[in-house]
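Thank you all for making the time this morning. I would like to walk you through one model, and I would ask you to keep the view open while I talk.

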Amino acid sequence: WIEPLLSNDIIPIDRRHQFITDVFWNLADIERISMALSRDLTARQDKHSVIPCIGDILLEHVKGFEPFVIYGAHQIIGKHKFELEKKRNAKLLQFAQTLERQPESRRLELNGYLTKPTSRLGRYNLLLTTIHHLTPKDHQDYETIPKVIDMITEFMVQLNKQVGLSDNAFHLELISSRIIVNKGSFVSASQRPLTNKPTTDML
């Protein structure tokens, strides 16, 4: 998605980079974190026919999961920017529809992919809870995995809080954008008299 949007004339050049920033935000940070975790887990797997433990690796990486919170807090804004641009930009709409039909998209719209990072934390905990239930009590991961789960849970609490704050702020901004400031008074757009004259001309 990002490379074609950067290199092709789909979004006007004067707002292209801002659009990509608004929609994808710090997704590159999440990719970096996820790749580093995957790389270390794979390296351990390559060294052992049976993986001895994973808790130590998870503890090292999970403490850097703050970007998931940052991303989730911005997600509602990114989704709004994308949907708004699709409505007013036929090139983006065509590009999105074409890309979403390709096999590698798995019939998912972009918004389907953009929501995955925020659900990843919960999926980690579900998986780790199952692993912990199957771990012998005398294994080192039996003590380590609950610590990882607690750390992820704390990030989830932060995420839910920030998402709530962002959601409230976003909808308040939408409401305020429909309000007309009229000599110190606020008049809802839906309450304006049915006239073509500006409200200020009626006082």
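Let me begin with a question: leaving aside its neighbours within four places in sequence, which residues is Glu-85 in contact with? I will come back to that in a moment, after a little orientation, and I should say at once that what you are looking at is a predicted model.

The protein chain has 203 residues, of which 31% count as buried, and its secondary structure comes to 9 helices and 2 strands. Reading from the N terminus, the order of the elements is α-α-α-α-α-α-α-α-α-β-β. If we take the contacts between residues at least 6 apart in sequence, 64% of them join residues that are at least 24 apart.

Most of what I have to say concerns helix α5, which covers residues 66-88. With its 23 residues, α5 reaches 34 Å from the first C-alpha to the last, which is close to the 33 Å expected at 1.5 Å a residue. There is nevertheless a kink of about 45° in α5, and that kink is centred on Gln-75. The buried residues of α5 include Pro-67, Phe-68, Val-69 and Tyr-71 in its earlier part, and also Phe-82, Glu-85 and Lys-86.

Now back to the question about Glu-85, which sits in helix α5. Beyond its sequence neighbours within four places, Glu-85 is in contact with Ile-11, Pro-12, Arg-15, Phe-19 and Leu-92. Its relative accessible area is 2%, and because buried means under 20%, Glu-85 counts as buried.

Two of those partners, Arg-15 and Phe-19, belong to the set of α2 residues that meet α5, together with Thr-21, Asp-22, Val-23 and Phe-24. On the α5 side, that meeting involves Tyr-71, His-74, Gly-78, Lys-81, Phe-82, Glu-85 and Arg-88. As a reminder, an α-helix has 3.6 residues a turn, so residues three or four places apart point the same way. The axes of α2 and α5 come within 6 Å and cross at roughly 135°, and the two helices are therefore oblique to each other.

Leu-92 takes us to the other neighbour, helix α6, residues 90-100, whose axis comes within 5 Å of that of α5 and crosses it at roughly 110°. That angle makes α5 roughly perpendicular to α6, and the crossing is left-handed. Here Phe-82, Glu-85, Lys-86 and Arg-88 of α5 meet Ala-90, Leu-92, Leu-93 and Ala-96 of α6.

For another helix pair, consider α3 and helix α4, the latter being residues 55-62, whose axes come within 10 Å and cross at roughly 165°. This makes α3 roughly antiparallel to α4, and α3 passes α4 in a right-handed crossing. The contact is made by Ala-36, Leu-37, Asp-40, Leu-41 and Arg-44 from α3, and by Asp-56, Ile-57, Leu-58 and His-61 from α4.

Finally, I would point you to Trp-25, in the loop between α2, residues 13-24, and α3, residues 27-47. Its phi is near 45°, a positive value in a residue other than glycine. Is Trp-25 buried, partly exposed or exposed? At 38% relative accessibility, Trp-25 counts as partly exposed, whereas Glu-85, where we began, is buried.

Technical notes:
Residues are numbered from 1 along each chain as its sequence is written. This is a predicted model: local features need pLDDT of at least 70, side-chain atom pairs count only at pLDDT 80 or more; totals for chains, interfaces and linings use all residues. Side-chain values use heavy atoms; hydrogens and water are left out. Helices (H or I, at least four residues) and strands (E, at least two) are DSSP runs, numbered from the N terminus. The expected span of a helix is 1.5 Å times one less than its number of residues. The bend at a residue is the angle between axes fitted to the seven residues ending there and the seven starting there. Buried means under 20% relative accessible area, exposed over 50%, partly exposed in between (1.4 Å probe, protein chains only). Axes are lines fitted to C-alpha atoms, for helices over the stretch in contact, and angles run from 0 to 180 degrees between N-to-C directions. Angles under 35 degrees count as roughly parallel, over 145 as roughly antiparallel, 65 to 115 as roughly perpendicular and the rest as oblique. A crossing is left-handed if the near helix is turned anticlockwise from the far one by less than a right angle, and right-handed if clockwise. Contact means heavy atoms within 4.5 Å.
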